[in-house]
Amino acid sequence: FSTTNSMPYLFEDPFITTGAFAHGIWHEFPGDSALRAGELYVLALQLRLAITDRLAFIATKDGYAWLRPGSNSQVPHDDGFFDITAGFKYALIDNPEDGFILTPSLRFDLPVGENGLFSGNGSGVAIPAVSSALAAGPVNLIAGFGAQLPFDNQKESTSVFYNLHVDTNVLEFLVPF
């Protein structure tokens with residue numbers, strides 16, 4: 001299975017693993033945005049620790065950012081830490097012989113970040129989710145569904161997210177998805 005995804009802070013694959021994964025992000029804002037051009041740089045680290053073969057501690061969002069809006073923006077330059085998101089996931093069903101795994105997770109977003117980076121507000125967010133993987137012959141399917149449920153609806157928004165990933169191994173080093 002390949003677990004590359006486009007939502008690294010929200011989507012959590014169903015596998016119980018141990019590892020550290022560094023992320024670097026550079027984003028350039030359009031000139032007609034509220035930031036009037038400018039850039040954002042982020043360095044972050046995700047951590048996963050398999051406590052047992054079915055239970056893992058997961059820290060999926062953190063990081064330090066440098067926000068540099070364009071010169072005509074009303075948004076000031078800022079840098080600092082993001083909120084931290086961590087929790088646990090448990091492989092409820094793990095049948096390697098059938099190529100199937102189902103893993104619910106529960107994470108909490110702790111509002112400890114810098115307000116100028118659109119973090120550190122509200123009373124936190126619960127993030128329940130479930131993900132699953134199925135190996136169906138040469139095709140691998142990974143799906144996930146979850147929600148962000150704030151403890152303070154006046155400061156944070158409720159949202160639902162989902163991911164669907166399909167891949168196949170063409171060569172050992174080439175896995176289109």
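This section describes the fold, cores, open spaces and selected residues of a predicted model.

The protein chain contains zero helices and eleven strands. From the N terminus on, its elements therefore read β-β-β-β-β-β-β-β-β-β-β, each being a run of strand residues. The C-alpha trace spans about 60 × 35 × 25 Å along its principal axes. The chain has 177 residues, and 36% of them count as buried. Contacts were also examined by sequence separation. Among those with a separation of 6 or more, 53% join residues 24 or more positions apart.

The nonpolar cores were considered next. The largest one has nine residues in all. Its members are Phe 29, Leu 35, Leu 40, Val 42, Ala 44, Ala 65, Leu 67, Phe 82 and Leu 117. Two elements give two or more residues to this core: strand S2 (38-50) and S4. S2 gives the most, with three residues. Leu 40 belongs to this core. Leaving aside neighbours within four places in sequence, Leu 40 is in contact with Ile 25, Trp 26, His 27 and Phe 29, and also with Ala 65, Trp 66 and Leu 67. Of these partners, Phe 29, Ala 65 and Leu 67 are themselves listed in the core. A second, separate core has seven residues. Phe 11, Ala 56, Ala 91 and Ala 133 are among them.

Open space was analysed in two forms, pockets and cavities. Rolling a probe the size of a water molecule over the atoms shows where empty space is left. The largest pocket has a volume of about 510 Å³. Its lining consists of 20 residues. Tyr 9, Lys 61, Phe 82, Phe 118 and Ser 119 lie nearest the pocket centre. By class, eleven of the lining residues are nonpolar, five are polar and four are charged. Phe 82 is named in two settings: it lies among the residues nearest the pocket centre, and it is a member of the largest nonpolar core.

The structure holds one cavity of 30 Å³ or more. About 60 Å³ of space lies in the largest cavity. This cavity is lined by 13 residues. Closest to its centre are Glu 12, Ser 105, Ala 129, Val 130 and Ser 131. Three elements give two or more residues to the lining: strand S8 (100-110), strand S9 (125-136) and strand S10 (139-150). S9 gives the most, with three residues. The lining comprises six nonpolar, four polar and three charged residues.

Thr 103 lies in strand S8, an element that also contributes to the cavity lining. Thr 103 counts as buried because its relative accessibility is 2%, under the 20% cut-off. The side chain of Thr 103 reaches the backbone oxygen of Pro 14 at 2.7 Å. Not counting residues up to four places away in sequence, Thr 103 touches Pro 14 and Ile 16. It also touches Lys 89, Tyr 90, Ala 91 and Leu 92. The remaining contacts of Thr 103 are with Ala 129, Val 130 and Ser 131. These last three residues are among those closest to the centre of the largest cavity. Ala 91, another partner of Thr 103, is part of the second core.

His 77 lies in the loop between strand S4 (64-69) and strand S5 (78-81). Residues up to four places away in sequence aside, His 77 touches Leu 67, Arg 68 and Pro 69. The side chain of His 77 reaches the backbone oxygen of Pro 69 at 3.3 Å. Leu 67 is a member of the largest nonpolar core. His 77 and Gly 116 are 39 residues apart along the chain, and their C-alpha atoms are separated by 8.2 Å.

Backbone geometry singles out two residues in another loop. Most residues other than glycine have a negative phi. Arg 36, not a glycine, has a positive phi of about 50°. Ala 37, also not a glycine, has a positive phi of about 80°. Arg 36 is found in the loop between strand S1 (19-28) and S2. Ala 37 has its place in the loop between S1 and S2. Arg 36 counts as partly exposed because its relative accessibility is 42%. Ala 37 is partly exposed, with a relative accessible area of 27%. Both values fall between the 20% and 50% cut-offs.

Technical notes: Residues numbered from 1 in each chain as written. Predicted model: local features only at pLDDT ≥ 70, side-chain atom pairs only at ≥ 80, totals over all residues. Heavy atoms only, no water. 1 Å grid on protein atoms, 1.4 Å probe; cavity = no way out; pocket = protein on both sides within 12 Å on 5 of 7 lines; lining within 4 Å. Points joined across faces, edges and corners; volume = space filled by probe spheres on them. Nonpolar A, V, L, I, M, F, W, Y, C, P; charged D, E, K, R; others polar. Helix = DSSP H or I, 4+ residues; strand = E, 2+ residues; numbered from the N terminus. Contact = heavy atoms within 4.5 Å. Polar contact = N/O pair within 3.5 Å; in protein donor to acceptor, adjacent residues only side chain to side chain. Core = buried A, V, L, I, M, F, W, Y, C linked by side-chain atoms within 4.5 Å. Buried < 20%, exposed > 50% of the residue type's maximum accessible area, 1.4 Å probe, protein only.
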